[in-house]
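Thank you all for coming; I would like to spend a few minutes on the inside of one protein, taking the enclosed space before the packing around it.

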Amino acid sequence: MAGRRYTPRTRTPLTRATVRAGETRVPAPAPACEPAPETTPTTAPAATRTYTPPAPLHLGLTLGPLRRGPGDPTFRTTPDGAVWRSCRTPQGPGTLRLRERGGTVEAQAWGPGAEWFLDQLPALLGELDDPTPFEPRHRLVAESARRRVGLRLTRTGLVLETLIPSILEQKITADEAYRAWRLLLHRHGEPAPGPAGQELRMRVMPDARAWTLIPSWEWHRAGVDNKRASTIIRAARVARRLEEAAAMEPVQARARLELVPGIGPWTSAETIQRTNGAPDEVTTGDLHLPHTVGYALAGNRDATDEEMLELLSPYAGQRHRAARLILLSGVAPPRRQPKMRKVDIAQW
């Protein structure tokens, strides 16, 4: 296990790298003797289900990659220890509330998409993910895996809801992309079904046709340039064909997405990692990931994509999982230049 010397930490702080890897800390539930928190649902769910995962499961780590910033209107964690998620399912808008108790996950769902949400629950919580072929080859990766035993790769089965925020994140800072996602959903989405819409102000993203009808000045107001807006509109126009990618093998799925002008390897990888639970689809073309992987595994803070892939080659078949564990370790090169400059085109 050659590479830079590694000193284990007892606790990994939240950093840009760990948040990008899906670090989402779910509050510990209050003891049963305490009053129920205000976030306890006041509206009866349309459907409920109890799911017992076959292996240890950490809700925050598994579902964290679906969260687009701390103010994401489609994702919430609440003081009662629950994770809330809203999206537009093939059956319509839906809200899902998940809470883990004693190794069992209690699920509640609202809206027309409630049954679909619960039917997809095992895949969402990583039941189709098989981490057994993964074998750590570096002390840092081994320690990160030991501390993240509940990490599973989610599989949402919904392409457009992941593809659009990934397009928004192209070539800008994460804060700018998160802001655009929030503004567009609050302006053009709809309230999430059930108590999430009123009590948590959660939203469901627009349907494919509604994305194509957003006027140019609304994109500008959200800080989205014409290139990214046009890519989203093109994708929305062929949404039905793109959604088929969720049932394909990852390589074919990425090829299907990249047929749309404006969608390249970075965007397709970021999408398929979430929609298909692809353990080997490592992101290339990223501004930070090669430097982080290179620094963590070989002390090379200037690693290129090619050097990153070479370092990850011992994890063939599980390279995305290895990259996530490296990010979750919290080890990253120290900054030596200013952050990427923010450009708010809405002010132009």
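**Inside the model**

The second largest cavity is lined by 15 residues, and nearest its centre lie L66, T74, R85, E161 and W181. A cavity here is a set of points, on a 1 Å grid over the protein atoms alone, where a 1.4 Å probe fits but cannot get out, and lining residues have an atom within 4 Å of a point. Please keep in mind that this is a predicted model, in which local features need pLDDT of at least 70 and side-chain atom pairs count only at pLDDT 80 or more, while totals for chains, interfaces and linings use all residues. Residues are numbered from 1 along each chain as its sequence is written, and side-chain values use heavy atoms, with hydrogens and water left out.

Which elements give two or more residues to this lining? They are strand 3 (82–89) and helix 6 (160–168), as DSSP runs numbered from the N terminus (helices H or I, at least four residues; strands E, at least two). Strand 3 provides the largest share, four residues.

Turning to the packing, the largest nonpolar core has 31 residues, and L184, W211, W219 and V224 have the most contacts inside it. Such a core is a set of buried (under 20% relative accessible area, 1.4 Å probe, protein chains only) Ala, Val, Leu, Ile, Met, Phe, Trp, Tyr and Cys residues joined through side-chain atoms within 4.5 Å. Apart from this core lies another, of 22 residues, including A47, L66, A109 and L125. L66 thus appears both in that core and among the residues nearest the cavity centre.

Note on methods: On a 1 Å grid over the protein atoms alone, a cavity is a set of points where a 1.4 Å probe fits but cannot get out, and a pocket is an open set with protein on both sides within 12 Å along at least five of seven lines; lining residues have an atom within 4 Å of a point. Buried means under 20% relative accessible area, exposed over 50%, partly exposed in between (1.4 Å probe, protein chains only).
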